[in-house]
Amino acid sequence: MAQARVKARKESVLAERFAVFAECLLTGVWIAVASLGVVTYPAAFAAGSRHLRRRTAHEGGGWREFVADFRVAVRAGWLAGLAGWAAAAAVWVDVQAARAGIPGGPLVGAVGLFALIGLVVAGLRAAAVWTPGATWRALLAQAGRRTVLDPAGSFLIIAGLAVVALSAWFIAPLAVPVLGAVAAAAVAVEERYRHR
């Protein structure tokens with residue numbers, strides 16, 4: 001009795017890449033919904049990044065796994081979110097000082113703005129490598145070093161953030177799914193750094 005041989009049908013490279021892109025956009029929506037808690041954005045990006053890492057490794061996972069990861073990440077991640085908002089408020093005060101014409105204000109404003117951009121990049125890099133059980137303090141310290149030691153990767157993340165800002169400026173709702181592309185960029189940058 002001859003057994004019928006069935007070849008597994010393989011997706012084309014284009015179809016696989018489009019599927020990853022579509023998953024990034026869906027993940028962006030999940031990240032936006034999870035970030036509605038204002039201080040929950042680090043946990044949302046961490047859960048989204050972990051979901052995208054699973055997807056690119058061809059492991060299972062979906063909304064339920066995202067929510068489970070988010071619940072674990074938000075336990076201490078909300079403190080990182082609160083610290084991020086405090087840093088943003090400090091930079092806003094610096095920029096207001098620069099606009100008021102205080103001596104040295106423009107320099108202080110520029111330094112504050114660059115520091116905030118560095119903190120955002122470090123936060124995204126930390127979220128990109130988050131796993132359950134990892135502490136945010138250790139993740140952010142290591143991500144800060146990688147932000148400085150890998151300027152090309154950091155610039156790629158900044159470019160991703162610029163795409164989100166431009167998307168929001170042109171068509172505001174478009175910024176929501178593009179958040180997933182920023183998470184994917186951070187995951188890719190971290191993977192690139194790991195293989196250097």
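**Exercise 1. Classify the exposure of Arg194 and describe its salt bridge.**

Arg194 counts as exposed, at 59% relative accessibility. Here buried means under 20% relative accessible area, exposed over 50%, and partly exposed in between (1.4 Å probe, protein chains only). The model is predicted: local features need pLDDT of at least 70, side-chain atom pairs count only at pLDDT 80 or more, and totals for chains, interfaces and linings use all residues. Residues are numbered from 1 along each chain as its sequence is written, and side-chain values use heavy atoms, with hydrogens and water left out.

Next, consider the partner. Arg194 forms a salt bridge with Glu191, their closest N and O atoms being 2.6 Å apart; a salt bridge is a side-chain nitrogen of Lys or Arg within 4 Å of a carboxyl oxygen of Asp or Glu. Glu191 is partly exposed, with a relative accessible area of 35%. Because Arg194 and Glu191 are three residues apart in helix H7, about one helical turn separates them. Helices (H or I, at least four residues) are DSSP runs, numbered from the N terminus.

**Exercise 2. Which parts of the chain does the salt bridge between Arg50 and Asp69 tie together?**

First, the side chains of Arg50 and Asp69 meet in a salt bridge (2.6 Å, N to O). Secondly, Arg50 lies in helix H2 and Asp69 in helix H3, so the pair ties together parts that are 19 residues apart in sequence. Finally, Arg50 is partly exposed, with a relative accessible area of 24%, whereas Asp69 is buried, at 6%.

**Exercise 3. Describe how helices H4 and H7 cross, and identify a salt bridge between them.**

Two packed helices are described by the angle between their axes and the distance between the axes. The axes of H4 (residues 105–128) and H7 (residues 175–194) come within 8 Å and cross at roughly 75°. H4 is therefore roughly perpendicular to H7, a term for angles of 65 to 115 degrees. The axes are lines fitted to C-alpha atoms over the stretch in contact, and angles run from 0 to 180 degrees between N-to-C directions.

In contact terms (heavy atoms within 4.5 Å), Leu124, Arg125 and Ala128 in H4 meet H7 residues including Val182, Ala186 and Glu190. Arg125 forms a salt bridge with Glu190, with the closest N and O atoms 2.5 Å apart. This pair links distant parts of the chain, 65 residues apart. Arg125 is buried, with a relative accessible area of 0%, and Glu190 is buried, at 6%.

Notes: Helices (H or I, at least four residues) and strands (E, at least two) are DSSP runs, numbered from the N terminus. Angles under 35 degrees count as roughly parallel, over 145 as roughly antiparallel, 65 to 115 as roughly perpendicular and the rest as oblique.
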